[in-house]
Amino acid sequence: MNLATLLARAARRHPERPALLQGSQLLWTYGQLADRVARLARSLREVQGLAPGDRVVLYLANEPAYLELLHACWWAGLAVVPVNVKLHAQELAFIVADSGARLACVGAAQHEAVAAALPELPLLVTGSPEHAQALQAAALPLQDVEADALAWLFYTSGTTGRPKGVIETHRMLMAMTACYFSDVDASLGSDDVIVYAAPMSHGAGLYNFAFMARGARHLVPASGGFEPAELVDLAQRLGRLCLFAAPTMVRRLVDEAERRGTGGAGFKTIVYGGGPMYVEDIQRALRVMGPCFAQIYGQGESPMTITAMDRQAVATADAARLASVGRAQLLVEVRVADADGRELPPGEVGEVLVHGETVMPGYWRQPEASARALRGGWLWTGDLGAMSADGHLTLKDRSKDLIISGGSNIYPREVEEVLLAQPGVREVAVVGQPDREWGEVVVAFVVAEPGVDADALDALCLAHIARFKRPKRYEFVSTLPKNHYGKVLKTELRTRLQQET
């Protein structure tokens with residue numbers, strides 16, 4: 001059950017069909033893309049000396065080579081470790097070491113930093129002479145892969161501050177793809193275009209399979225990222241655009257469509273997820289752009305696949321339904337349970353549990369963390385919610401410390417550990433503050449000696465963690481609120497910030 005079979009199948013059936021575009025320019029047909037992938041796969045096996053099951057890190061921004069590298073690895077029987085290109089080189093180094101990756105594929109812009117941070121790791125730089133030479137190798141036959149073999153090792157921050165590698169298998173991602181057809185967009189066809197405006201290292205990249213299965217078009221924006229004006233232009237030019245977007249991206253896109261007076265012309269399906277969407281924001285989006293919005297709720301441990309609302313469900317929902325995250329997707333069971341795993345009656349708040357084909361088998365080389373997350377055959381998501389009588393799930397809170405800003409997960413302890421390395425800092429508590437643009441922003445409450453200032457803390461963060469994780473605000477306080485056992489009461493800090501909004 002090799003995921004690359006989807007590309008091979010499309011190339012065999014429709015070799016002349018457009019496959020990959022950069023902006024509005026066609027780069028490769030399906031026949032050409034499959035040929036490039038098969039040649040690159042041969043080079044990965046025979047020139048790079050990789051063996052079946054070896055891990056390959058992908059550390060590059062969205063570019064056309066990303067799609068061919070993903071499928072070349074699977075075609076060769078390898079596993080991919082896509083890493084957010086915004087992560088600091090030190091964070092990348094941890095992931096490389098933990099995954100045991102034997103090769104990193106990097107963009108030209110990242111080459112120098114990666115080479116300095118990981119001098120012993122072999123690199124394949126996109127657009128380099130070595131990359132061009134790899135594409136001259138003889139085509140490798142598509143390799144057989146077990147359905148439960150590792151396909152995608154997705155690193156998600158944990159409450160300990162260290163990233164955990166979620167094992168995503170070929171079977172899981174095939175099931176996720178089936179759920180896209182059943183619960184997100186049953187009408188996906190070859191004329192549709194998926195635009196990779198969000199990072200391909202995350203949810204946007206995972207949706208390539210559904211479009212590959214239908215022989216649809218894949219488009220990397222010329223900007224390489226999310227630019228609302230560019231997307232509106234592409235929608236006008238190409239039509240039937242589909243994309244995955246965090247709520248903050250949706251708001252910016254709606255602003256541009258309203259400013260231009262284009263409405264939703266040219267957009268087919270905009271899937272939003274990765275953070276809370278305010279009801280009034282999605283209502284405004286529907287007014288401006290029409291019924292082109294679908295919602296998903298998932299996490300790396302059950303990628304893109306827990307609950308969903310398709311376009312019709314979103315367009316016809318009342319405020320209460322829009323506040324929910326929809327119903328369980330086809331191949332999963334979802335329940336809200338108490339601390340002992342007993343299912344709660346409708347309306348009662350408990351932890352969201354998930355069971356099914358899309359749930360991970362565990363975390364990479366972390367049996368204790370796996371045992372905590374997978375109990376009684378169910379994934380314990382750490383999210384709190386309530387189920388309605390007709391099966392709509394409404395999230396009430398997340399695992400209490402997780403911050404989601406602009407669709408990216410940020411765990412406070414990771415930031416706190418960096419800030420505590422600053423001389424003169426005695427205590428730190430990092431929490432999220434609600435923000436209409438980003439969902440949440442990071443705020444650090446700091447107990448420090450005189451002379452410690454925000455500029456020094458900001459510089460420390462920029463030197464050790466990704467830019468998007470650093471606090472947007474530092475509150476210097478004399479003490480932190482604590483309970484009788486000395487534990488910091490972050491609930492009080494969050495309440496203080498919520499009173500400001």
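I began at valine 446, which stands opposite phenylalanine 476 in β25. The model is a predicted one, and I read every entry below with that in mind.

**Three-stranded sheet**

I looked up how β25 is paired. Strand β24, residues 439-448, and β25 run in the parallel sense, with 4 bridges. I then traced the sheet around them. It is open, has 3 strands, and follows the order β23-β24-β25 with mixed pairing. I noted β23 (425-435) and β25 (473-476) as the edge strands, each pairing on one side only. I also checked the twist. Neighbouring strands here are turned by 25 degrees against each other on average, direction ignored.

Which helix lies across β23, β24 and β25? I found α16, residues 412-419, running at about 145 degrees to β23.

**Nine-stranded sheet**

I moved to the other sheet. It is open too, with 9 strands in mixed pairing. I wrote down the order as β2-β1-β10-β9-β11-β12-β13-β14-β15. Its edge strands are β2 (25-29) and β15 (327-328), and each pairs on one side only.

I looked at the β15 edge. Strand β14 (residues 302-309) pairs with β15 in the antiparallel sense, over 2 bridges. Threonine 307 has alanine 328 in β15 as its bridge partner.

Next I listed helices on this sheet. Helix α2 packs on it and touches β1 (18-22), β2 and β10 (217-220). I noted about 60 degrees between the direction of α2 and that of β2. Helix α10 (residues 228-238) packs on the sheet as well. I recorded its contacts as β9 (193-195), β10, β11 (241-245) and β12 (267-272). The direction of α10 makes about 155 degrees with that of β11. Strand β10 is thus on my list for α2 and again for α10.

**Helix pair α1 and α2**

I stayed with α2 and turned to its packing with α1. At what angle do helix α1 (residues 5-13) and helix α2 (residues 30-46) pack? I noted about 135 degrees, with the axes 8 Å apart. That angle makes α1 oblique to α2. The crossing of α1 past α2 is left-handed.

I then went through the residues in contact. From α1 come Leu7, Ala10 and Ala11. In α2 they meet Tyr30, Gly31, Leu33, Ala34 and Val37. How many residues of each class does the contact of α1 with α2 have? I wrote down 7 nonpolar, 1 polar and no charged residues. Gly31 of α2 is the polar one, because Gly counts as polar.

Notes. Residues are numbered from 1 along each chain as its sequence is written. This is a predicted model: local features need pLDDT of at least 70, side-chain atom pairs count only at pLDDT 80 or more; totals for chains, interfaces and linings use all residues. Side-chain values use heavy atoms; hydrogens and water are left out. Axes are lines fitted to C-alpha atoms, for helices over the stretch in contact, and angles run from 0 to 180 degrees between N-to-C directions. Angles under 35 degrees count as roughly parallel, over 145 as roughly antiparallel, 65 to 115 as roughly perpendicular and the rest as oblique. A crossing is left-handed if the near helix is turned anticlockwise from the far one by less than a right angle, and right-handed if clockwise. Contact means heavy atoms within 4.5 Å. Two strands pair if DSSP finds at least two bridges between them.
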